[in-house]
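Open the structure in your viewer and keep the sequence panel beside it. The tour goes from one selection to the next and says what is there.

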Amino acid sequence: MVIDFNTLYNFPSRLDRVFEEILRSPMGDDRRLAYPPLNLSNDDENIYVRAEVPGVTIDDVELTLTDKTLVIKGERTAPEGKFYRQERPSGIFHRVVNIGVPVDRDKVTAAMRDGVLTVTLPKSAEVKPRTISIDVA
Amino acid sequence: MSEVAKKEEGKELSRFRPATDILEREDGFHIFMDMPGVSKDDMAIDLEEDELTVTGRSAQCPVSGEKFVEAQFGACEYVRSISISDIVDRERIKASLENGVLELFLPKVEKVQPKRITIEAQ
């Protein structure tokens, strides 16, 4: 990398960095997960699907909801220029999330904030937990 | 549960080197760093001597009562240092954060204009 070469740099710290870079991969733990990484969670009301897609706008993402799955599709484009280093993944990504619970299709919302996509899928009324009051006779 | 989520239980946030693109264009160097979940306020860029250090904390604010089924990313700290050379104009470095990507623009120092010396005829 050209920018790394300075007219004067202290060698030991630079050597340290070489080792540091070998030890720590950008994805962490050397576990190559499918792109983009997803967080799936739920509470009583909704199912949340979150994905880390930095550099992608909400318009670039295509969300398709079928009976049992949510499909997240989009494309990340690489910037133009002469590369010294390219670590950010680019290209088309596609992930299918199985949704096992019936959802209220009309109320599904998606939001993008700081490169994190959040899809909120409200659970259908019939699967929501209900409290049944018992009248003591 | 993935490794990322397990580490989160400890007090220290897990540290990551953000994926970075470094490229050169006509006007100078452009650096792109993927820092999803980091807002402008949680980011710091320090230039010390010839070392540019970027740190950012990603915030994950789950709704209370949320149960996780799968967690492949979580709150973490991004740290990355880049040495910059003397051809970068330090005064005009620009940074912008958009959609979780930090873009740094490092313009080149304006070249000294070549000067022609005219020879005066005697």
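Select Tyr48(A) and Thr120(A): Thr120(A), in strand S8 of chain A, is the bridge partner of Tyr48(A). Keep in mind that this is a predicted model. The predictor gives the complex an ipTM of 0.74 and a pTM of 0.74.

**Strand S2 of chain A**

Now widen the selection to residues 46-52 and 116-122 of chain A. These are S2(A) and S8(A), which pair in the antiparallel sense over seven bridges.

Next add residues 38-42 of chain A, which are strand S1. S1(A) also pairs with S2(A), in the antiparallel sense and over five bridges. To see one position of this pairing, select Asn42(A), which stands opposite Ile47(A) in S2(A). How many residues lie between S1(A) and S2(A) in their hairpin? There are three residues between the two strands.

Stay on S2(A) and show the side chains. In a regular strand, side chains alternate between the two faces of the sheet. On one side of S2(A) are Asn46(A), Tyr48(A), Arg50(A) and Glu52(A). On the other are Ile47(A), Val49(A) and Ala51(A). Are these two faces covered or open? Both are covered, and the residues named on either side are all buried. Seven of the seven residues of S2(A) are buried, so the strand is largely enclosed by the rest of the structure. Buried here means under 20% relative accessible area.

**The loop before S8 of chain A**

Go to Asp114(A). This residue sits in the loop between strand S7 (109-113) and S8 of chain A. Its phi is near 50 degrees, a positive value in a residue other than glycine.

**A three-stranded sheet in chain A**

Select residues 62-65, 69-76 and 91-98 of chain A, which are strands S3, S4 and S6. They form an open antiparallel sheet in the order S3-S4-S6. S3(A) and S6(A) are the edge strands, each pairing on one side only. From one strand to the next, the twist averages 15 degrees.

Within this sheet, S3(A) and S4(A) pair in the antiparallel sense over four bridges. Pick out Leu65(A) to see one position of that pairing: Leu70(A) in S4(A) stands opposite.

**Chain B**

Hide chain A and colour chain B by secondary structure. What does the secondary structure of chain B come to? It comes to one helix and nine strands. From the N terminus on, the helix comes at the start and the strands follow, in the order α-β-β-β-β-β-β-β-β-β.

Of the 122 residues in chain B, 44% are buried. The accessible surface of the chain comes to about 7,500 Å², of which 48% belongs to carbon and sulfur atoms. Among contacts in chain B with a separation of 6 or more, 54% join residues 24 or more positions apart.

Recolour chain B by pLDDT. The average is 83, and 86% of the residues score at least 70. Over residues 5-10 of chain B the pLDDT is below 50. Beyond near neighbours in sequence, this stretch has seven contacts in the model.

Finish at Asn99(B), in the loop between strand S8 (94-98) and strand S9 (101-107) of chain B. Asn99(B) is not a glycine, yet has a positive phi of about 50 degrees. Is Asn99(B) buried, partly exposed or exposed? Its relative accessibility is 23%, so Asn99(B) counts as partly exposed.

Key:
Residues are numbered from 1 along each chain as its sequence is written. Chains are lettered from A and ligands numbered from 1 in the order in which they are written. This is a predicted model: local features need pLDDT of at least 70, side-chain atom pairs count only at pLDDT 80 or more; totals for chains, interfaces and linings use all residues. Side-chain values use heavy atoms; hydrogens and water are left out. pLDDT is the predictor's confidence in each residue, from 0 to 100. Contact means heavy atoms within 4.5 Å. Buried means under 20% relative accessible area, exposed over 50%, partly exposed in between (1.4 Å probe, protein chains only). Two strands pair if DSSP finds at least two bridges between them. Accessible areas come from the Shrake-Rupley method with a 1.4 Å probe; for residues, only the protein chains shown count as cover. Axes are lines fitted to C-alpha atoms, for helices over the stretch in contact, and angles run from 0 to 180 degrees between N-to-C directions.
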